[in-house]
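Visitor: Could you walk me through this one? I'd like to hear about pockets, helix packing and any unusual backbone spots.

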Amino acid sequence: MLNATLDPLQRWREAALGWGIPQHLLDRAPVSPWVHAPAMFRSGADDPTDTPSMAMAREALGRLPDGIGSVLDIGCGGGRSSLPLAGAARLVIGVDHHQAMLDQFRDAAAAQSVDVATVLGTWPDVAEQTPSADVVVCHHVAYNVVEIGPFVSALHACAETAVIVELTATHPQSSLAPLWRHFWDLDRPTEPTAATFVDVVRHLGHEPTVHRWTRPQRSAPMTRPELVANLRQRLCLTDDRDAEIDRLIGPTTRLSADQVVTVGWLVQTQGRSVH
């Protein structure tokens, strides 16, 4: 249980640190549980285009004099969170710490004839070398961040009109808590949550608009063997536990969190309010 007297930044930090994996389990893992295959983030024809996050970004771009602007995507992956905005954006800038993700982002943009720029590095370490944009988007990255204050402040500093953050209502690994308990007798935290993030944003002096919604399933989820292999990696297990994993998860082919929260706020620049 977290100390209720902590301010939102401290509360987030303490909770985020609780999601670390004990070193003795990391030492036994055949593959790092923190590595994600770039293919999992590939942009494609089934990218969602009508979510509250996309609607909020388009609305912010629509506030511009010509109704078209630039988008900065933090943790862009393959571009699923920003390339669908291309019709309302003259330029999409992608930031990611993984070069393979940026290569995938550029390939997807070229296939859609979208002008893009890329910045390789971890946010907010590369914030000073990243161009500002009319709208800054950041989807499903926040839970990977421990020092959330500088992260959010850098998002805000690079935005000319609005910041839009999308995250699951609870930590994306929350659904694996029973498996951690089964295999390693390890209890997982219950925070931070999207509500904690909203408290962080308000603590930093911004007044967010919050939309809670259910994420639609993509048309090509992982196959059963892919899902089991992914869970095995996340749980620091070896492949001889695959049958046990398969039995424990039951008939599902998807364990990701479907309840999503969009948190967006407007920015004042050059003495001009965009409200």
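**Pocket, packing and backbone**

Guide: In this predicted model, 14 residues line the second largest pocket, and those lying nearest its centre are Met-56, Arg-63, Thr-209, Gly-264 and Leu-266.

Visitor: How much space lies in that second largest pocket?

Guide: The second largest pocket holds about 190 Å³ of space.

Visitor: And which elements give two or more residues to its lining?

Guide: Those elements are helix H3, covering 52–62, together with two strands, E5 at 159–168 and E7 at 259–266.

Visitor: What does the lining look like by class?

Guide: The lining of the second largest pocket divides into eight nonpolar residues, three polar ones and three charged ones.

Visitor: Switching to helices, at what angle do H8 and H9 pack?

Guide: Helix H8, residues 224–234, packs against helix H9, residues 242–249, at an angle of about 105°, and their axes are 10 Å apart. Angles of 65 to 115 degrees count as roughly perpendicular, and H8 and H9 are therefore roughly perpendicular to each other.

Visitor: Which residues make that contact?

Guide: On the H8 side they are Arg-224, Leu-227, Val-228, Leu-231 and Arg-232, while H9 contributes Asp-242, Ile-245, Asp-246 and Ile-249. By class, the contact of H8 with H9 has five nonpolar residues, four charged ones and no polar ones.

Visitor: What about H6 and H9, how do their axes cross?

Guide: The axes of helix H6, residues 177–184, and H9 cross at roughly 140° and come within 11 Å. That angle falls outside the ranges for roughly parallel, roughly perpendicular and roughly antiparallel, the last of these being over 145 degrees, and H6 and H9 are therefore oblique to each other.

Visitor: Left-handed or right-handed, that crossing of H6 and H9?

Guide: The crossing in which H6 passes H9 is right-handed. From H6 the contact takes in Leu-179, His-182 and Phe-183, and from H9 it takes in Glu-244, Ile-245, Leu-248 and Ile-249. The residues of this contact of H6 with H9 comprise five nonpolar, one polar and one charged. Ile-245 and Ile-249 of H9 thus appear in the contact with H6 and also in the contact with H8.

Visitor: Then there's H1 and H7; how far apart are their axes?

Guide: The axes of helix H1, residues 8–17, and helix H7, residues 194–203, are 8 Å apart, and the two helices pack at an angle of about 145°. The crossing of H1 and H7 is left-handed.

Visitor: Which residues meet there?

Guide: Pro-8, Leu-9, Arg-11 and Trp-12 of H1 meet Thr-196, Phe-197, Asp-199, Val-200 and His-203 of H7. That contact of H1 with H7 is made up of five nonpolar, two polar and two charged residues.

Visitor: Now the backbone: which residues does a cis peptide bond join?

Guide: One cis peptide bond joins Trp-123 and Pro-124, with omega about 5°, and Pro-124 sits in the loop between strand E3 (116–120) and strand E4 (133–139). Another joins Glu-191 and Pro-192, with omega about 0°, and the place of Pro-192 is the loop between H6 and H7.

Visitor: Where is Ser-113 found, and what is its phi?

Guide: Ser-113 lies in the loop between helix H4 (99–111) and E3, and its phi is near 55°, a positive value in a residue other than glycine.

How values were computed. Residues are numbered from 1 along each chain as its sequence is written. This is a predicted model: local features need pLDDT of at least 70, side-chain atom pairs count only at pLDDT 80 or more; totals for chains, interfaces and linings use all residues. Side-chain values use heavy atoms; hydrogens and water are left out. Axes are lines fitted to C-alpha atoms, for helices over the stretch in contact, and angles run from 0 to 180 degrees between N-to-C directions. Helices (H or I, at least four residues) and strands (E, at least two) are DSSP runs, numbered from the N terminus. Angles under 35 degrees count as roughly parallel, over 145 as roughly antiparallel, 65 to 115 as roughly perpendicular and the rest as oblique. Contact means heavy atoms within 4.5 Å. Ala, Val, Leu, Ile, Met, Phe, Trp, Tyr, Cys and Pro count as nonpolar, Asp, Glu, Lys and Arg as charged, and the others, Gly among them, as polar. A crossing is left-handed if the near helix is turned anticlockwise from the far one by less than a right angle, and right-handed if clockwise. On a 1 Å grid over the protein atoms alone, a cavity is a set of points where a 1.4 Å probe fits but cannot get out, and a pocket is an open set with protein on both sides within 12 Å along at least five of seven lines; lining residues have an atom within 4 Å of a point. Grid points are joined across faces, edges and corners, and a volume is the space filled by probe spheres set on the points.
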